[in-house]
Structures are given as C-alpha cells and as structure tokens.
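Please open the structure in your viewer and keep the sequence panel visible. This tour proposes a series of selections and states what is to be found at each.

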Amino acid sequence: MLWGGMDEAFDLEMMRRAMALAQAAADAGEAPIGALLVDPATGEVVAEAHNQPIRLHDPTAHAELLAMRAAAAKLGNYRLTGLTLYVTLEPCAMCAGAISHARVGRVVYGAPDEKGGAVAHGPCFFEQPTCHSRPSVTAGVLADESATLLRRFFRARR
C-alpha cells in the first residue's frame, strides 16, 4: 500500500526519527539507514537503531535487525507481534525474512530499493507462499528525503 491514510501524521513523526538515525549512520561512515519499532497501541518507541555492519564487523548489522534484536531483548520475547517497523529504505531479503519470523505487524518504509529491496522488488518476500507471516506494508513515507540522503552518501564515497 502506498502511503496516505489515517496514520499519516504519526508515520511522518516516526519516519523523521528514523531519518535522524539514518543521518547518525552516515555521520559514522555507515550506509544511512535508520529503523525503529513502535507499539502502535501506545505510541512507545520500543527500540531504534541504524546500520552498523562496518563498526560491528557484522554483515547482518542492518538497522532493521539491530532494532528487532533490541526490541526482543527489551520485551523478553522474540515475537514482535503487532509492532510497527519504520525503516528509511525498503528492507532486503535478509531483513524481510527476520521481519516475517518475528511476526512484525506492519512495515513502513521510505525509499524503494530496486537493486536490493525484497518487499516491492526482487523476491517480493512477503508475497511468497513460504513466508511465515505477512505484515501490512506502507511504502513511500519520506521516500524522497531518504533517497536523497542515500545518493549523497554514496556519491561522496566514490
């Protein structure tokens, strides 16, 4: 589903927070991607993170996975049922698989990722019959801002 609904103001607020995390990643020399998990019933931010594979020497240290790990530890449960994940870039296949296994209820993302994304591009993970749990998906929240941050970051690295 493309963005534009009842939760617009809240989605914008949360995605702005994710964008601040993405900027923190860029400032640290990491790909500028930020993510946070929110309890939609209370509005509480349960966990937040930004990309850190370089700093942590961990190819799985994507923003989504780090936020899910922190949320699971905080909640004492690997199931993140009903939580909403806000992330500045369309999740990759690895992250989509983890989102499914964690039973995240909703994913809101900013920029599409035609090369590495797995939600609306590539394997379209949540549409596969082997997908364990399918979150609702809202795409395009602050997409232009997220794409611009990513382009600037990678252009400066070339």
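The stops below cover a helix, a pocket, a serine and two cysteines.

The model is predicted, so local features need pLDDT of at least 70 and side-chain atom pairs count only at pLDDT 80 or more, while totals for chains, interfaces and linings use all residues. Residues are numbered from 1 along each chain as its sequence is written, and side-chain values use heavy atoms, with hydrogens and water left out.

**Helix α3**

Select residues 63–75, which form helix α3. Helices (H or I, at least four residues) and strands (E, at least two) are DSSP runs, numbered from the N terminus. The expected span of a helix is 1.5 Å times one less than its number of residues; for the 13 residues of α3 this gives 18 Å, and the end C-alpha atoms are indeed 18 Å apart.

Next, colour the buried residues of α3, among them Leu-65, Leu-66 and Met-68. Buried means under 20% relative accessible area, exposed over 50%, and partly exposed in between (1.4 Å probe, protein chains only). Which elements do the buried residues of α3 pack against? They pack against β1 (34–39), β2 (44–50), α2, β3 (84–89) and α4 (93–102), where contact means heavy atoms within 4.5 Å. Just after α3 comes Gly-76, with a positive phi near 70 degrees.

**The largest pocket**

Now select Ile-33, Leu-89, Asp-113, Leu-150 and Phe-154, which lie nearest the centre of the largest pocket among its 26 lining residues. A pocket is an open set of points on a 1 Å grid over the protein atoms alone, where a 1.4 Å probe fits, with protein on both sides within 12 Å along at least five of seven lines; lining residues have an atom within 4 Å of a point. Helix α5 supplies the largest share of this lining, seven residues.

**Ser-146**

Move to Ser-146, in helix α5. Is Ser-146 buried or exposed? Ser-146 counts as buried because its relative accessibility is 1%. Beyond its neighbours within four places in sequence, Ser-146 is in contact with Met-19, Thr-88, Leu-89 and Ala-111. Its C-alpha atom is 9.7 Å from that of Gly-34, although the two residues are 112 apart along the chain.

**The cysteines**

Finally, select Cys-124 and Cys-131. The whole structure contains zero disulfides (pairs of cysteine sulfur atoms within 2.5 Å). The sulfur of Cys-131 is 12 Å from that of Cys-124, its closest cysteine sulfur, which is too far for a bond. Cys-124 is buried at 17% relative accessible area, and Cys-131 is buried at 5%.
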